[in-house]
There are 2 protein chains.
Amino acid sequence: MTVNDIARASGVSRATVSLVLRGSPLVHAETRNRVELELKRQGYVYNRGAANLRRRTSSSVALVINDLSNPFFAEFAMGVDEALVGEGYVTLLGSTGESPARQETLLASLMEHSPAGVILSPAEHSDGERLQRLLGPHTAVLVFNRELPGAGYDFLALDNRRGAWLATEHLLARGHRRIAFFGGHADSSSCQQRRQGYADAMIAAGIPPDPRWLIESAPTRVEASQRTVELFAHARAPTAAVCYNDNVALGLKLGLIARGVRPGLDFALTGFDDIPEAAQTTPPLTTIAVEPRARGRQAAELLLQRVRDRDAPTRQVVAPVQLVVRGSSGAPPS
Amino acid sequence: MTVNDIARASGVSRATVSLVLRGSPLVHAETRNRVELELKRQGYVYNRGAANLRRRTSSSVALVINDLSNPFFAEFAMGVDEALVGEGYVTLLGSTGESPARQETLLASLMEHSPAGVILSPAEHSDGERLQRLLGPHTAVLVFNRELPGAGYDFLALDNRRGAWLATEHLLARGHRRIAFFGGHADSSSCQQRRQGYADAMIAAGIPPDPRWLIESAPTRVEASQRTVELFAHARAPTAAVCYNDNVALGLKLGLIARGVRPGLDFALTGFDDIPEAAQTTPPLTTIAVEPRARGRQAAELLLQRVRDRDAPTRQVVAPVQLVVRGSSGAPPS
DNA sequence: CTGAAAGCGCTTACAG
DNA sequence: CTGAAAGCGCTTACAG
């Protein structure tokens, strides 16, 4: 079951078997055939770990995800894996569940397997300096989605600002003036960026956003639904809302229905992410498509470029986003 | 950055460093301190691959999933990873997208990384014999969710029959007599098992299921919604439906609403899986909870037991399922 | 308690 | 075109 066994059985040296395995043209066709037959016959399986040790290479990439149960990241992971497999790498998976502590033990453990690189979607409140120490100065790293303060790594992010800007523009174009930004934690960078895009569009339209139009909520349906009341707690109640993401939008929808407000008729709302459900809910959700699987493939490619060229300048890549207009933004302003 | 460097710098032999690394009590406390200080100072990272090679051990487990974009499997993967990390293993991820061909190349590639075992949720129409040849006779394997015909591997499955039986019993207890089984591909084993549980309950209640009550559909909302019409295409139209899974149930719900039939009021329906959305839709969906994350942990444990005892008899484990009653099954029979 | 030596399964110059 | 030898980073008997 090792090159030795194959070599002995086919009457050549280990070196020759190795050359056959790696497809070298140096070996005679007849010898190659003999060896390959023996390989099949014995059901030989290559020990890539041993080869990596000798060649000082790696054929794995670590993928550390903050929340795999979020379909957005599950799709992202599929895209990463898809692209890596295509390039002959294997994915070492780790899921942190948003815990910086778990993230650190996980990364330490993964690093012992000498991955060629790491794709990291950081847990909230990650300690950039500690992570940098864990990862060492020579590891190829691509950070995804959330900035890692104080670490000079390549970074792939969604164009949060532009996405929220597009959504806000869309509602403004439909005649809305009192537009809320609903949901998200104000201290998360993605929420800040989306709020920025929203504010930019509002100000460009000559409408300074009323602070009462900024409503925080955990990005879950249940909490979003409960916060709905805050939208209408004052005289300048909005007629539309740009939601932090689709989950929040779906929660808001429930909250509106519970109040007898019909989404898409009495009130317009937009989401962010374009999760599969967005198209299937009633009314279907106008939202910002981010194509997580394509982002996964892109992340894998960026990382492998870094693996190949460690000295290239650091890159900040912003992935395109797209407005998808559906029924939920169909309300005329009252 | 290797044991050699540490040994040299702290004035001991490689062997001593190795003993320190593995926490052996053989080494003097003072020596240990000196070595450990040097370990930190140089930022040493253990090369587990090299150690595995020498010790003929493995610290990875391959996890091959047919569809990671399905939240059920994403949760399952999280559970697996969680349990494996706790036992000092790392997860090698692979996603086949239900393609047997991709599954084979993926497994071949993963096997070259010498995993301690493989957790496999087979793609539809997998070729058991070929997979068995790929995996070799010595690999610890746990098959999840879908039977792999002709392979003597440990198998963890949901109790599909009992789940459908519970749902059917529930509808019968509410007075329904004409109950459909809606959705799923009749040639998939999970659909067959669920239909069996449904038929058992119906027959036990003295109601032989009318063949017109068996309606196939791909497990997607769109198709399920389109098939709704078939329920009502004849005189013995059902008053309730046991759905193949939650997605199908949600699709059926849309289809009912489109016809002006109110789910949970004019028509009762149940799902299967208890995806997060089941509790949040209106009316909330009565369904069968399967706890995919717990199943993932269970799968990891079963596999590791097999890793530890290769000669134990093969096991078929059926995971418990649970009826969760919510509003969607609230219709009285008309 | 510590060190010298052999070896895990592979690859790669280097001779021939 | 093929073979003998050294070595990747680690561990583990075996002496001392």
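Analyst: Ala, Val, Leu, Ile, Met, Phe, Trp, Tyr, Cys and Pro count as nonpolar, Asp, Glu, Lys and Arg as charged, and the others, Gly among them, as polar. The model is predicted, so local features need pLDDT of at least 70 and side-chain atom pairs pLDDT 80 or more, while totals for chains, interfaces and linings use all residues. Residues are numbered from 1 along each chain, chains are lettered from A and ligands numbered from 1 in the order written, and side-chain values use heavy atoms, without hydrogens and water.

User: What makes up the surface near DNA strand D, by residue class?

Analyst: That surface divides into 11 nonpolar, 7 polar and 7 charged residues. A residue is near if one of its heavy atoms lies within 4 Å of the strand; 25 residues surround DNA strand D, with A:Thr31 and B:Tyr44 among the closest.

User: Why is the approach of B:Arg22 to a phosphate oxygen of DNA strand D called a polar contact?

Analyst: A polar contact with DNA is a pair of N or O atoms within 3.5 Å. A polar side-chain atom of B:Arg22 lies 2.9 Å from the phosphate oxygen, and therefore the pair qualifies. A backbone N or O atom of A:His28 lies 3.2 Å from a phosphate oxygen of the DNA strand, which also satisfies the limit.

User: How do you know that strand E1 of chain B pairs with strand E2 of chain B?

Analyst: Strands are DSSP runs (E, at least two residues), numbered from the N terminus, and two of them pair if DSSP finds at least two bridges between them. Here 6 bridges join E1 (residues 60–65) to E2 (residues 90–95), so the two strands pair. They run parallel, and B:Ala62 stands opposite B:Leu92.

Terms used:
Helix = DSSP H or I, 4+ residues; strand = E, 2+ residues; numbered from the N terminus. Polar contact = N/O pair within 3.5 Å; in protein donor to acceptor, adjacent residues only side chain to side chain.
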